[in-house]
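Open the model in a viewer and keep a selection prompt ready. The stops below each give a selection and then say what is there.

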Amino acid sequence: MKDALTDTIASIEKDPRKARTVFRASCDLEDGVRCSVKVRDFEPLIIDEPASLGGGDSGMNPVELVLAALGTCQQIVYAACAAVMGLKLDNVSVEVKGRIDLRGLFGMGEDTPPGYEEIQFETTISSPEPEEKIQELITLAESRRPVLDIITRPIPVKGKVLLNGATVHEQVWAQEA
């Protein structure tokens, strides 16, 4: 892992244009609220809702997927930073929970947002490394988490709706700082 990461870093340092990339996901509604998500050449990921929200409970729901993305991003960044720093990690586990008020989803309160009201996470590291080295790792890793950045930094989101191939709605959500 260290070699792959340092090679990528060196490549970007040589040509900063190589840092720009686009990630994609193709999502299809299959049945009810069950969806299939295709990313690169991986098997499709099933996203569904629990029965209490009208689903068949055949996969995590989208808001759980956000929590999973945040937790796994935390783990990956810690592992990658540790590898580059030459530190040994025995384990990194992350517990993530989000508090949501379903009245927002169901339009039952004007001031109730449909998304999370609060997200909390706890990262547990097991390592034979001295605490001061782990503190250096924490400082580095805590500044480099893409998913946390995505959900906390105001970024524009653009979307459009097509009906039978024709655009019928477009919107830009420009989050305020």
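## Stop 1: the hairpin of S6 and S7

Select glycine 159 and look across to S7, where the bridge partner of glycine 159 is glutamine 171. The model is a predicted one. Now widen the selection to residues 156-163, strand S6, and residues 166-174, strand S7: the two strands pair in the antiparallel sense over eight bridges.

Next, select asparagine 164, which sits in the loop between S6 and S7. The hairpin has two residues between the strands. The phi of asparagine 164 is near 55 degrees, a positive value in a residue other than glycine. Most residues other than glycine have a negative phi. Is asparagine 164 buried or exposed? Its relative accessibility is 78%, so asparagine 164 counts as exposed.

## Stop 2: another positive phi

Select arginine 40, in the loop between strand S2 (34-38) and strand S3 (45-47). Here too the residue is not glycine and phi is positive, near 45 degrees. Arginine 40 counts as exposed because its relative accessibility is 63%.

## Stop 3: helix H2 from end to end

Select residues 62-85, which form helix H2. Put a distance label between the end C-alpha atoms: they are 34 Å apart. At 1.5 Å a residue, the 24 residues should span 34 Å, so the model agrees with the expected value.

At the start of H2, add asparagine 61 and valine 63 to the display. A side-chain oxygen of asparagine 61 comes to within 3.2 Å of the backbone nitrogen of valine 63. Then go to the other end: just after H2, glycine 86 has a positive phi of about 75 degrees.

Now colour H2 by burial. Its buried residues are Leu67, Leu70, Gly71, Cys73, Gln74, Val77, Tyr78, Ala80, Cys81, Ala82 and Ala83. What do these buried residues pack against? The elements are helix H1 (2-14), strand S4 (91-100), strand S5 (116-126), helix H4 (131-141) and helix H5 (146-152).

For a contrast within the helix, select alanine 69, also in H2. Alanine 69 is partly exposed, since its relative accessible area is 29%. Add valine 147: the two residues are 78 apart in sequence, yet their C-alpha atoms are 6.7 Å apart in space.

## Stop 4: the largest nonpolar core

Select Val77, Tyr78, Cys81, Leu137 and Ala141. Of the 13 residues in the largest nonpolar core, these five touch the most other members. H2, S4 and H4 each supply at least two residues of this core, and the largest share, six residues, comes from H2. In soluble globular proteins, nonpolar side chains tend to be buried together.

Take valine 77 alone and show what surrounds it. Apart from residues up to four places away in sequence, valine 77 touches Ala141, Arg144, Arg145 and Pro146.

Move to leucine 137 in helix H4. Leucine 137 is buried, because its relative accessible area is 0%. Under the same exclusion of residues up to four places away, leucine 137 touches Tyr78, Cys81, Ala82, Met85, Leu87 and Leu89. For alanine 82, which is 55 residues from leucine 137 along the chain, the C-alpha separation is 6.5 Å.

## Stop 5: two cysteines

Select cysteine 73 and cysteine 81. How many disulfides are there? The count comes to zero. Cysteine 73 is in no disulfide, and the nearest cysteine sulfur, in cysteine 81, is 10 Å away. Seen from cysteine 81, the closest cysteine sulfur is that of cysteine 73, and 10 Å is too far for a bond. A disulfide here requires sulfur atoms within 2.5 Å. With 10% relative accessibility, cysteine 73 counts as buried; cysteine 81, at 9%, counts as buried as well.

## Stop 6: strand S5 and the loop before it

Select glutamate 122 in strand S5. Glutamate 122 counts as exposed because its relative accessibility is 56%. Neighbours within four places in sequence aside, glutamate 122 is in contact with Ser93, Val94 and Glu95. From glutamate 122 to methionine 85, 37 residues away along the chain, the C-alpha separation is 22 Å.

Finish at threonine 112, in the loop between helix H3 (102-105) and S5. Is threonine 112 buried or exposed? At 15% relative accessibility, threonine 112 counts as buried. Its contacts, leaving aside neighbours within four places in sequence, are with Asp101, Arg103 and Gly104.

Key. Residues are numbered from 1 along each chain as its sequence is written. This is a predicted model: local features need pLDDT of at least 70, side-chain atom pairs count only at pLDDT 80 or more; totals for chains, interfaces and linings use all residues. Side-chain values use heavy atoms; hydrogens and water are left out. Helices (H or I, at least four residues) and strands (E, at least two) are DSSP runs, numbered from the N terminus. The expected span of a helix is 1.5 Å times one less than its number of residues. Buried means under 20% relative accessible area, exposed over 50%, partly exposed in between (1.4 Å probe, protein chains only). Contact means heavy atoms within 4.5 Å. A polar contact is a pair of N or O atoms within 3.5 Å; within protein, one must be able to donate a hydrogen and the other to accept it, and residues adjacent in sequence count only if both atoms are side-chain atoms. A nonpolar core is a set of buried Ala, Val, Leu, Ile, Met, Phe, Trp, Tyr and Cys residues joined through side-chain atoms within 4.5 Å. Two strands pair if DSSP finds at least two bridges between them.
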